[in-house]
Amino acid sequence: MLVRSLLSTAMVSTMLLGGSSPSPKTSSVAATVDAADGPEFAADKQLEFPVKYREWTYVGSGVDMSYTLKEEAADHSTFNTVFVNPSSYREFMKTGTWPDGTALVLENRVAVHGGERQASLNKHGLTQTNEVTGLEVHVKNAFLPGGWGFYAFDNKKSAKIIPQAASCYSCHQQHAAVDTTFVQFYPTLMEVANEKKILSKAYSDEMGKAAK
Ligand code: HEC
């Protein structure tokens, strides 16, 4: 049995196609949350693999981001790219709040320099490859302790919640700009966060310190 975590407000949009149509407009019934676009939990509360995340809204990416000063031992570069379910993106852009049922996916993908591997045309910069080396999900749901949970997938089926004592939770709490999410690295969201003045105290203090 699947437990849907989102409100079931259906988004109905009708495209009228064809030259003979009396109205070529797209009409849509207003909806705040799209019923089918968020994370799904199995009956045992494991998170189902978000199969459609590549259809979600892209919010930002980094290359070789590292949280420590020491050099990573990897023999290749990594793109980390973040996606969020579209209805939650729209809600954040409007209100600056992540609704219950938000899921942000962090995908790590091997990157190569032109010349390192056969990549058509590219001679210098980095491009992404098909090799996904990590898939982590950050989910907001009222049934989770603290309201948010982290999951790391090593298969395309389901993942257990990472326990609260893990460093995922403390680092995100201590450094993320909005509601434990790293909005400071997602430019379109950061514009909204600045405008609405919803930056976390932890982040503001950190930036205040950095400015001195
Ligand atoms: C030392 C700090 C730190 C730790 C520990 C950490 N993260 Fe993050 N996380 C970040 C930063 C910085 C970003 C944003 C930048 C990026 O990678 O795109 C991020 C982004 C994310 C995102 C994208 C959504 C969001 O919340 O912004 C997910 C999902 C995520 N991390 C999962 C995890 C998981 C799972 C763990 C634990 C296994 C973890 N993180 C541990 C710093 C951390």
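# A tour from the central strands to the ligand

Begin by selecting β8 and β9, which pair in the antiparallel sense over ten bridges. Within this pairing, display A111, whose bridge partner in β9 is Q128. Please note before proceeding that the structure on screen is a predicted model.

**The whole chain.** Colour the protein chain by secondary structure: four helices and eleven strands should appear. The chain has 212 residues, of which 23% count as buried. Among contacts with a separation of 6 or more, 54% are between residues 24 or more positions apart.

**The sheet.** Extend the selection to the open sheet of five strands, whose order is β6-β7-β8-β9-β10 and whose pairing is antiparallel. The edge strands are β6 and β10, each of which pairs on one side only. On average, and with direction ignored, neighbouring strands of this sheet are turned by 25° against each other.

Next, examine the individual pairings. β7 and β8 are antiparallel and are joined by eight bridges; to see one position in this pairing, select T78, which stands opposite V110 in β8. On the other side of the tour's starting pair, five bridges join β9 to β10, and these two strands also run antiparallel. Here the residue to select is E136, which stands opposite A152 in β10. Remain on β10 for a moment: this strand is mostly covered, with four of its five residues buried.

In a regular strand the side chains alternate between the two faces of the sheet. It is therefore useful to switch on side chains before the next stop, with that alternation in mind.

**The nonpolar core.** Which residues have the most contacts inside the largest nonpolar core? Select V84, V105, V137 and V183; the core to which they belong has 26 residues. The elements that give two or more residues to this core are β7, α1, β8, β9, β10 and α3.

Centre the view on V105. Leaving aside neighbours within four places in sequence, V105 is in contact with P50, Y53, W56, V82, F83, L135 and V137. One of these, V137, is also among the residues with the most contacts inside the core.

**Helix α1.** Now select residues 86-95, which form helix α1, and show its buried residues: S87, S88, Y89 and F92. Against which elements do the buried residues of α1 pack? They pack against β6 (57-63), β7 and α3 (187-196). An α-helix has 3.6 residues a turn, so residues three or four places apart point the same way. Just after α1, select G96, which takes a positive phi of about 75°.

**The ligand.** Finish by displaying the ligand together with the 21 residues around it, of which Y67, L104, C168, C171 and F182 come nearest. The elements that give two or more residues to this shell are β7 (77-84), β8 (103-113), β9 (126-140), β10 (148-152) and α2 (167-175). Which of these elements gives the most to the shell? The answer is α2, with four residues. Colouring the shell by residue type shows 14 nonpolar residues, six polar and one charged.

Notes
Residues are numbered from 1 along each chain as its sequence is written. This is a predicted model: local features need pLDDT of at least 70, side-chain atom pairs count only at pLDDT 80 or more; totals for chains, interfaces and linings use all residues. A residue is near a molecule or strand if its C-beta atom, placed from the backbone, lies within 6 Å of it. Ala, Val, Leu, Ile, Met, Phe, Trp, Tyr, Cys and Pro count as nonpolar, Asp, Glu, Lys and Arg as charged, and the others, Gly among them, as polar. A residue is buried if 20 or more other C-beta atoms lie within 10 Å of its own, exposed if 12 or fewer, and partly exposed in between; C-beta atoms are placed from the backbone. Two residues are in contact if their C-beta atoms, placed from the backbone, lie within 7 Å. A nonpolar core is a set of buried Ala, Val, Leu, Ile, Met, Phe, Trp, Tyr and Cys residues joined through C-beta atoms within 7 Å. Two strands pair if DSSP finds at least two bridges between them. Axes are lines fitted to C-alpha atoms, for helices over the stretch in contact, and angles run from 0 to 180 degrees between N-to-C directions.
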